[in-house]
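The following account leads the reader through selected features of one protein model. Please keep the sequence and the structure in view while reading.

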Amino acid sequence: MRRSDDDFDDDDEEDDGAPAHGWKHWLLYLSLAGFGLFLGVLIPYVWVLDGQVREIFGQLQWQVPTTVYAQPLKLEHGQRLDAPTLLLELSASLYRNDGVGNNPGSYRVDGDRFRISSRGFNDVGGPVAAKTVDVILSERRVVSIKDPNGKPLDAATLDPARIAALYGSSQEERQLVRAADVPPLLVGGLQAVEDRSFKSHHGVDVWGIVRAMWVNAREGELRQGGSTLTQQLVRSLFLNNQRHLSRKVNEALYAIIIESRFDKQTILEAYLNQVYLGQQGSQSIHGIAAASQFWYGKPLPALQTQDVALLIGLIKGPSYYDPRRYPDRAMLRRNVAIGEFLETGLISAAEAERATAAPLGISMHPGIVTNRYPAFVDLVRRQLQTDYPADSLKGAGLVIHSTLDPAAQIDAEQALQDALDKVQRKKGPALEGGLVVTDVRDGDVLAVVGGRDVAQPGFNRALDAQRPVGSLLKPFVYLLALAQPGKYSLASVVEDAPVSVTLGNGRRWSPSNSDGRSHGSVRLIDALAQSYNQATVRVGMDVSVERIAKIIKVLAGIDADPNPSLILGAVDQTPFAMAQLYQFLASGGQVQPLHAVRGVLDAHGALVKRYDSKAAVAQPGDALAARLVTLAMQQVVVAGTAHALQGDGLGYLQAAGKTGTSNDSRDSWFAGFTGNHLAVIWVGNDQNAETGLYGATGAMRVWAGLFKKLPSASLTVGSQGMEWAWVSPSQLTSVDASCPGARHFAFVQGFAPTGPAPCDAVANPADEQGWIRVPSADDGNPELGTTPAQSDGQDTQQTPPPAQQPTPATAPDQHQ
């Protein structure tokens with residue numbers, strides 16, 4: 001068919017117009033292709049992000065530090081306790097003196113009268129409820145415990161001090177909480193300040209961003225942020241701090257994915273446990289529960305309106321608004337949050353006015369303790385190694401209840417520092433020391449001091465410094481002798497005269513006394529009280545060195561070669577090992593393994609393992625011999641090498657003790673115990689150089705300083721299985737108490753001399769030297785055998801000791 005010109009014209013017009021319409025088609029094609037490419041990239045990218053959310057957020061497990069606590073303070077009627085010690089205990093547990101004492105973790109004090117409100121806690125034996133009590137002290141004892149209504153109470157238990165935290169690799173301080181357990185004002189206030197549309201948005205709140213821009217423009221400062229709580233959580237869990245567009249895109253995508261997969265309660269709970277709220281050294285404070293302790297030293301339920309407002313206000317910038325460094329900034333930020341509470345109807349106008357007028361009220365010292373007593377915590381770690389390898393404790397969220405007594409620990413640290421400052425010579429190496437304090441009743445380790453610088457971890461001299469123990473071993477020589485009542489008693493006469501012993505290598509060993517003199521015939525009790533070397537060697541050779549080596553192995557796991565020099569303490573040991581050895585005497589003849597751990601709880605407060613005291617019941621013969629040696633050691637303090645304690649005003653304790661000094665005065669030792677405390681102390685230097693100190697002038701000065709402050713019961717030695725007799729001054733015969741020079745001695749029942757015989761015509765010169773008498777527990781309140789009041793306090797070891805390694809304590813066996 002033939003076309004007309006018009007037809008051609010139309011075709012030409014269509015051809016001419018093709019380029020004008022074609023670019024639109026191409027743009028559409030390119031847009032569709034770009035969008036397809038975008039979806040092709042976005043969908044797999046979102047799929048990857050979704051996988052990360054499911055892996056990280058869906059299985060969110062925080063690393064919670066394992067925390068170590070001291071023992072709780074139990075208040076009981078008649079308990080030895082004074083106001084300074086109670087204040088130390090309260091301070092260690094971060095109690096606040098608010099002048100009222102009605103809020104958990106607070107107290108008020110008026111002289112010896114206290115009102116204390118404890119915080120509930122989970123103990124080894126189960127939950128302990130919070131309680132408010134009125135306590136009255138008098139003459140260093142608890143004389144009254146009542147509730148606020150005046151009802152008498154038998155006892156009250158105060159929550160323990162936190163002494164350490166064992167962190168994992170993250171170094172994050174966190175205490176997990178459930179959203180249901182968080183105060184409603186904190187939950188509502190958080191949303192009022194940070195995300196008012198939290199309940200309705202899907203991860204990103206566009207209108208919230210617009211509203212924040214408007215408020216900030218209106219106020220002329222940054223008052224609100226546009227990020228939702230979910231976006232803030234995303235930044236903390238998934239993103240770094242770099243500011244660029246891609247991060248904001250990722251933040252939005254992550255937030256939308258999280259909101260699509262998890263309910264609001266789960267997201268809120270994660271936020272409450274993850275939010276960053278402060279820094280202490282290398283430890284970052286995460287979560288509102290940890291922040292409550294860090295800033296206020298109290299649990300979440302104890303927070304008041306102004307406290308909640310500050311915690312929420314700190315979210316914007318914990319460093320910038322740090323209330324300890326910048327209180328004015330913190331106050332302004334807190335009051336902004338209080339205004340938001342009022343605007344959203346969370347609080348009344350009256351409450352807002354009160355909260356705004358309130359001071360910041362923060363604790364001036366961080367309520368999070370990382371490692372307050374490193375030497376003691378070192379012992380805790382070691383004693384847990386069998387059940388928990390070192391790395392398994394870190395970040396495990398466990399709660400370890402220890403035996404530490406905060407007041408005893410603080411007093412011991414101060415006593416060591418004060419004593420060393422006084423006896424330090426201007427020239428020569430710096431003096432160091434180590435000490436261990438235990439409870440004589442159950443083997444609890446109450447305090448460990450590893451050196452002069454108590455705040456820094458390092459060489460723990462209490463556990464690791466093995467030094468010659470010198471005369472500290474002598475009581476165990478006499479223990480073996482007195483375990484043979486048919487042969488030895490406190491009244492036995494022994495010769496303190498030159499003695500020579502053939503050693504295994506054929507050489508002769510001839511020890512001398514520290515004063516360079518021999519003292520002739522002396523009573524056994526005096527030989528120990530005056531620390532006579534020659535008399536002790538004679539007794540030790542008689543009971544056999546092998547038995548001495550065996551008994552210290554049985555009682556404290558100490559391995560020692562049975563050389564004659566062992567009799568005078570030729571063995572290197574640590575203060576802890578010697579404390580374990582002396583615990584046998586202090587406990588009245590029981591083998592009590594020293595322990596620093598009471599129990600372990602999981603993160604939910606359930607008991608994982610309980611570490612009960614495993615004391616072996618004392619055998620009758622062992623208990624009798626231990627009590628007899630204790631009587632002799634009381635005489636050491638009354639009139640022997642430790643008699644200077646009487647001048648320190650500590651005679652009322654009737655303590656038993658023993659000094660020890662190594663060759664050339666390199667090492668100064670003292671072990672002493674009362675009715676409920678044992679302390680073993682070493683003083684020397686890390687260069688093993690001469691110190692110029694004896695046991696009485698070095699370590700005993702530390703002991704005296706400690707027991708001047710430590711509320712401790714006097715030592716009463718029970719007389720079960722013993723009988724008392726007045727003994728002739730010249731022979732082992734019973735005489736009338738009125739005889740000149742007669743002395744009163746304790747004997748194992750059935751082994752006292754018979755009599756009475758007539759008074760001797762001539763008294764033994766050794767019994768005519770101004771004897772001092774010590775009361776006993778006998779019904780007739782008899783006096784111990786008397787000992788000379790003069791003593792130079794020197795008890796120097798005569799032979800360089802071989803180094804020995806301590807081993808774990810073993811079960812007791814018979815050492816007859």
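In this predicted model, the count of disulfides comes to one, taking a pair of cysteine sulfur atoms within 2.5 Å as the criterion. The bond joins Cys739 to Cys759, with an S to S distance of 1.8 Å. A disulfide is a covalent bond between the sulfur atoms of two cysteines. The link of Cys739 and Cys759 is left-handed, with -80° about the S-S bond. Cys739 lies in the loop between strand S29 (722–727) and strand S30 (743–748), while Cys759 lies in the loop between S30 and strand S31 (771–772), so the disulfide ties together parts that are 20 residues apart in sequence. Cys739 counts as buried because its relative accessibility is 5%, under the 20% limit for that class. Cys759, by contrast, is partly exposed, with a relative accessible area of 38%.

The next element is an open sheet of five strands, arranged in the order S3-S4-S5-S8-S9 with mixed pairing. Its edges are formed by strand S3 (96–97) and strand S9 (141–146), each of which pairs on one side only. Within the sheet, strand S4 (residues 106–110) and strand S5 (residues 113–117) run antiparallel and are paired over five bridges. In this pairing, Tyr107 stands opposite Ile116 in S5. Helix H2 (residues 83–92) lies across S4, S5 and strand S8 (132–138), and runs at about 20° to S5.

Attention now turns to strand S16 (residues 432–439). Eight of its eight residues are buried, so S16 is largely enclosed by the rest of the structure. Both faces of the strand share in this burial: Glu432, Gly434, Val436 and Thr438 point one way, Gly433, Leu435, Val437 and Asp439 point the other way, and all are buried. S16 also has strand partners. With strand S28 (residues 677–684), S16 pairs in the antiparallel sense over eight bridges, and Gly684 in S28 is the bridge partner of Glu432. With strand S17 (residues 445–449), S16 is joined by four bridges, again in an antiparallel arrangement; here Val437 has Ala447 as its bridge partner in S17. The hairpin of S16 and S17 has five residues between the strands, and Gly443 in this hairpin takes a positive phi near 85°.

Helix H20 (residues 575–586) offers a helical example of burial. Its 12 residues reach 15 Å from the first C-alpha to the last, close to the 16 Å expected at 1.5 Å a residue. An α-helix has 3.6 residues a turn, so residues three or four places apart point the same way. In H20, 12 of its 12 residues are buried, and the helix is mostly covered. Among the buried residues are the aromatic side chains Phe576, Tyr582 and Phe584, and also Gln580 and Gln583. Just after H20, Gly588 takes a positive phi of about 80°.

A final local detail concerns Ser284, which is placed in strand S14 (residues 283–286). Ser284 counts as buried because its relative accessibility is 11%. Its side chain makes a polar contact with the side chain of His286, at 3.3 Å.

Technical notes. Residues are numbered from 1 along each chain as its sequence is written. This is a predicted model: local features need pLDDT of at least 70, side-chain atom pairs count only at pLDDT 80 or more; totals for chains, interfaces and linings use all residues. Side-chain values use heavy atoms; hydrogens and water are left out. Helices (H or I, at least four residues) and strands (E, at least two) are DSSP runs, numbered from the N terminus. Buried means under 20% relative accessible area, exposed over 50%, partly exposed in between (1.4 Å probe, protein chains only). Two strands pair if DSSP finds at least two bridges between them. Contact means heavy atoms within 4.5 Å. Axes are lines fitted to C-alpha atoms, for helices over the stretch in contact, and angles run from 0 to 180 degrees between N-to-C directions. A polar contact is a pair of N or O atoms within 3.5 Å; within protein, one must be able to donate a hydrogen and the other to accept it, and residues adjacent in sequence count only if both atoms are side-chain atoms. The expected span of a helix is 1.5 Å times one less than its number of residues.
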